[in-house]
Amino acid sequence: MTDITATPPTHERPWLDAALPVEERIDLLLAEMTLAEKVGQTHQVANIDPDADADEIAAGRIGSSLYASGATAGNERDEGILVGNIDAAQRHAVEGSRLGIPLLFGRDVIHGHRTVAPIPLGIAASFDADLAEEIGTIAAREAVVDGVAWTFAPMVDLSEEPRWGRVAESLGETPVLSGRLAAGLVRGFQGDDVSDPDRLAACAKHFAGYGLAAGGRDYDTVSVGENTLRNLHLRPFKAAVDAGVTTVMAAFNDVDGIPMHAHEHLIRGVLKGEWGFDGMVVADWNGVGQLVNAGVAADLREAAAQAIRAGVDLDMCSGAYLAHLEELVESADVDLALVDDAVRRVLRLKFRLGLFERPYAARPGASNAPTPETREVALRAGQAAHVLVKNDGVLPLDASADATGSVLLSGAFVDDGDALLGTWVLDGRGEEVVTPGPALRERLGDRVTVADGRFSDVTLMQARAAETTVLLLGEHRSRSGEAQSVVDIGLPPGQLEVLRAVAALGKPLVAVVYTGRPLDLSEVLDLADAVLVVWHPGTEAGNALASVLLGEVEPHGRLPMTFPLSTGHIPTSTHQRPTGRLIRADVDHEEGRYIDALTYPRLPFGFGLSYTTVEYSAPTVSTETLPTDGWVTLSVTVTNTGARVCREVVQLYFRDPVAQVTRPLVELTDWALVDLEPGQAREVTFEVAAEQTAYAGRDLTTRVDEGEIVLLTGPDSARLQPVSVTVTKKDS
Ligand code: NOJ
């Protein structure tokens, strides 16, 4: 083991002078580094071990660690992932290595750390970027206590393929919603200044096109043209970059034959060049090594050369850079400037994070267990994720003091906290989740019977005895997420049988659907009197559900992905484009595209009900013409015509009827969250800039066309009223 010596004074390490500009500090440090030390900075290991890896760290051969967590605690292993002793590893780097460059500790903190918010798809259902920011803020505050400096979130892969398990991690299918929520999460994770000790570096992933994996099979090939990439899939990444995200992760997939870890055009050309991204690009797990499996590199040496040329700065776990970059530079197969650029970006992040000033994470006495304050945010987020997709009047359940009707709560998730945390939760604990059973019992006392979570004949007997049954259906958290794709988006085996049997009793039936993806809910929607889609809501799952069921809060989530009619209808999304055979959104269900089924979605993007009714006026505009650099004010009046308060998500879409390339029939461009008292009417205004209609044309450059634009407002993507404006030449 290497001796640990005292930190040298600043004059011996001039880059430690925090008063100098970051770029100057990087120059000073780079000038001191050997090629081997530079390569060390581009190498990330999994589960760094302060004992076993001590010599490698001290030799400057490791730049970053993945997964390790826990500043000073234990050094125990939890499911193979090392927890504890981050600072012991850091000490070898800071005090034991020649240049004292701190390690960077990354970990997947995706939708919460100890306090878990809904899965990202549930966060997206809130349509609330401020809420996303709050979630990110809390996650960061909790994660830093465990020594985490960098999270691999947000995932901004546009998701229109429900078979793909990773839609659970996504922010939905549309660029503007995904981009704004990603920006909110980035603001939450990183704050105004990522060197704030309570913040983390964020990572927009997976660049790019991963959501288009063929057949929804995880990691599969992607066939997409650059026009579609630019007009859809790259946009949320651009939004994250504009929001200041400090890192971007390369995607596992190829794009039209070129694996993303070797995609020089998209990473070095578009992301770093065209967009001017000066942050760090990290490989995905063994993504560099997988260039060999993909058959585009003969061996790890070639893989390393291709990835560094493409612009991948930090090699996650493949070891290809560590093993080969030095020799590749010495043999002039790779230009040293490429390695310098990668190292500069790694160091830039470390300087930006303040790691040179504050390398150690220990916070004696600090706890990151959920508190009333963090639980309050998780509860609001859980409630906001609840999407009411059917209600024949059975909801809200009567919660008044003199109410007597008995309620049966049954189904797989009544008391399974772990199941409700959702995918990618490394630190949240199932036992800290408020589950539906206790939450409902607390509110309804003896009126509620909580079944034991197994469907059985006893359930049916209990349902017969109860006035209303609330059936918890859907997916366990382990059924969505990475490498959890399915061929059939129906409910998991056995659940429909129970639903049918309970429905046959003819009593009020509420179906609650926990899920990480859009499911085929056709029969659920037919048989249940009310249906709530609630995703995986996290730590406050039970309280969120009980409060919505009983009307303590109004459901106001909206679907961030289209729910297709069946598995066979995939793909279907709000980005459907016109073809030579006209599809008119309003009559498509009559014309059909299949001979054996209709083609409209079962539940459209943006859909969600509340416990009241809301009417929309036709939209009006302040002016019918606007120059390409101008804007127009659109107004629409929404009226709460029912007897309960609500939070309406007033949605604004547009259609560009004539463009250089096919454009979506409708595309979400803005929305407003509007609170309405019973009977209240409010005028909602949107400032719509002609620029919002910009798109990549035939030559792939961004353009705003003159001509008609149809603006459409309404409660979801299928119930819209139009108004036209004409974009004219820029005023000179
Ligand atoms: C693989 C996943 O694709 C990525 O999203 C994740 O951040 C890394 N593994 C690290 O866990």
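How far apart should the ends of helix H7 (residues 175-190) be at 1.5 Å a residue, and what distance separates its end C-alpha atoms? In this predicted model, the 16 residues of the helix should span 22 Å, and the end C-alpha atoms are 21 Å apart, so the expected and computed values agree. Helix H7 is also mostly covered by the protein, with 14 of its 16 residues classed as buried. Just after this helix, Gly 191 adopts a positive phi of about 65°.

The surroundings of the ligand comprise 13 residues, of which Tyr 67, Asp 108, Arg 166, His 206 and Asp 284 come nearest. By residue class, this shell divides into seven nonpolar, one polar and five charged members. Polar side-chain atoms of Tyr 67 and of His 206 each lie 2.7 Å from an oxygen atom of the ligand, while an N or O atom in the side chain of Lys 205 is 2.8 Å from a ligand oxygen atom. The ligand has 300 Å² of accessible area on its own, and the protein covers 98% of that area.

With regard to the cysteines, the structure holds zero disulfides. For Cys 203, the closest cysteine sulfur is that of Cys 317, and because the two sulfur atoms are 13 Å apart, they are too far from each other for a bond, the cut-off being 2.5 Å. Cys 203 has a relative accessibility of 0% and therefore counts as buried, and Cys 646, at 4% relative accessibility, likewise counts as buried, since the class requires a value under 20%.

Methods:
Residues are numbered from 1 along each chain as its sequence is written. This is a predicted model: local features need pLDDT of at least 70, side-chain atom pairs count only at pLDDT 80 or more; totals for chains, interfaces and linings use all residues. Side-chain values use heavy atoms; hydrogens and water are left out. Helices (H or I, at least four residues) and strands (E, at least two) are DSSP runs, numbered from the N terminus. The expected span of a helix is 1.5 Å times one less than its number of residues. Buried means under 20% relative accessible area, exposed over 50%, partly exposed in between (1.4 Å probe, protein chains only). A residue is near a molecule or strand if one of its heavy atoms lies within 4 Å of it. A polar contact is a pair of N or O atoms within 3.5 Å; within protein, one must be able to donate a hydrogen and the other to accept it, and residues adjacent in sequence count only if both atoms are side-chain atoms. Accessible areas come from the Shrake-Rupley method with a 1.4 Å probe; for residues, only the protein chains shown count as cover. Ala, Val, Leu, Ile, Met, Phe, Trp, Tyr, Cys and Pro count as nonpolar, Asp, Glu, Lys and Arg as charged, and the others, Gly among them, as polar.
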